[in-house]
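This report describes a protein model from its overall division down to individual residues. The sequence and the coordinates are shown first.

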Amino acid sequence: MSSTLSVRWTIAPAIAPRPLINCNRCGGVKPYRCGEKFRVNANGKRIDVWLIYRCVDCDNSWNRTILERCNRHDIEPALLAALESNDPAFVRRHAFDTVALRSRIGRIEEFPDVTVRKELMGSEPGRTAALALEFQLEGTTPLRLDRLLAGELGLSRSRLQALEDRRRLTTQPDGAKALRKPVRDGLAIRLDLAGEADCNAVLLAAYR
Ligand SMILES: [Zn+2]
């Protein structure tokens, strides 16, 4: 019985989603990019916090509400400090929260660009043809699973489809047409490359 090469891919979207806003300066619907800064407004005990976006063409600003008329005593001091200092991790968490942005503005533009960090789980196995991948996502992405795998493993999308048809590629949770759907957090993949001429090259690409 052969062992399995287990690898975790941590996938970070590279470009934050952009709301499509009717720009009152340009006069037309334009994407607004995240300015990576919060605006904190304290009015007595009440605090409002916005994340600032800017029109890609004219730099006009749009304020996305993060906290609205919150009582200062209800906000953790560490949270307030993070907001006031534009803590990059905190900016990122909000900027890449596609669900919250979409619920606020309706129309958004998403980007499939990601960076992938590959981490070997356990020791390097000897001869094997079995690959187990698990995905950890730092934000949502519209990137399709087959495009991600094709780009990272050097397999064509038609070949990935053929492997799936033969049940040599399986996804967990088992979803219909998973290859054509966006990659999501917690997805796991098993790939059996026994007898494939480029088996070693594909397995190497999975973790290097
Ligand atoms: Zn504009």
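The text below treats the domains, then the sheet and its helix, and finally selected residues.

**Domains**

The model is predicted. The protein chain is divided into domain 1, which covers 4-14 + 111-207, and domain 2, which covers 18-109. Taken over C-alpha atoms, the centres of domain 1 and domain 2 are separated by 34 Å. Seven residues from domain 1 and five residues from domain 2 take part in the contact.

**The five-stranded sheet and helix α4**

Five strands make up an open sheet in the order β7-β1-β8-β10-β9, and the pairing is mixed. Its edge strands are β7 and β9 (169-172), each of which pairs on one side only. On average, and with direction ignored, neighbouring strands of this sheet are turned by 20° against each other.

Within the sheet, strand β1 (residues 4-13) runs antiparallel to β7, and eight bridges join the two. In this pair, P13 stands opposite V114 of β7.

Helix α4 lies across β1, β7, β8, β9 and β10 (188-192), and runs at about 115° to β1. In α4 (residues 145-153), the buried residues are L145, D146, L148, L149, A150 and L153. The residue that follows α4 is G154, with a positive phi near 70°.

**The β4-β5 hairpin**

A second antiparallel pair consists of strand β4 (residues 46-55) and strand β5 (residues 61-71), joined by eight bridges. L51 stands opposite R64 in β5. Five residues lie between β4 and β5 in this hairpin, and D59 in the turn has a positive phi of about 70°.

**Residue T128**

Where is T128 placed? T128 belongs to the loop between β7 (114-121) and β8 (130-137). T128 has a relative accessible area of 11%, and is therefore classed as buried, the limit being under 20%. Its side chain has a polar atom 2.3 Å from the backbone oxygen of S3, and the side chain of T128 also reaches the backbone nitrogen of A130 at 3.1 Å.

**Residue V40**

V40 is located in strand β3 (residues 28-43). With a relative accessibility of 26%, V40 counts as partly exposed. When residues up to four places away in sequence are not counted, V40 touches I47, D48, V49, L80, L83 and E84. One of these partners, L80, is 40 residues from V40 in sequence, while the C-alpha to C-alpha distance between V40 and L80 is 8.7 Å.

**Accessibility and cysteines**

The relative accessibility of four residues is listed below.

| Residue | Relative accessibility | Class |
|---|---|---|
| C26 | 30% | partly exposed |
| V40 | 26% | partly exposed |
| T128 | 11% | buried |
| C199 | 9% | buried |

Two of the entries are cysteines: C26 is partly exposed, whereas C199 is buried. How many disulfides does the model contain? The count comes to zero, the criterion being a pair of cysteine sulfur atoms within 2.5 Å.

Terms used:
Residues are numbered from 1 along each chain as its sequence is written. This is a predicted model: local features need pLDDT of at least 70, side-chain atom pairs count only at pLDDT 80 or more; totals for chains, interfaces and linings use all residues. Side-chain values use heavy atoms; hydrogens and water are left out. Buried means under 20% relative accessible area, exposed over 50%, partly exposed in between (1.4 Å probe, protein chains only). Helices (H or I, at least four residues) and strands (E, at least two) are DSSP runs, numbered from the N terminus. A polar contact is a pair of N or O atoms within 3.5 Å; within protein, one must be able to donate a hydrogen and the other to accept it, and residues adjacent in sequence count only if both atoms are side-chain atoms. Two strands pair if DSSP finds at least two bridges between them. Axes are lines fitted to C-alpha atoms, for helices over the stretch in contact, and angles run from 0 to 180 degrees between N-to-C directions. Contact means heavy atoms within 4.5 Å. Domain bounds come from an automatic or database domain assignment.
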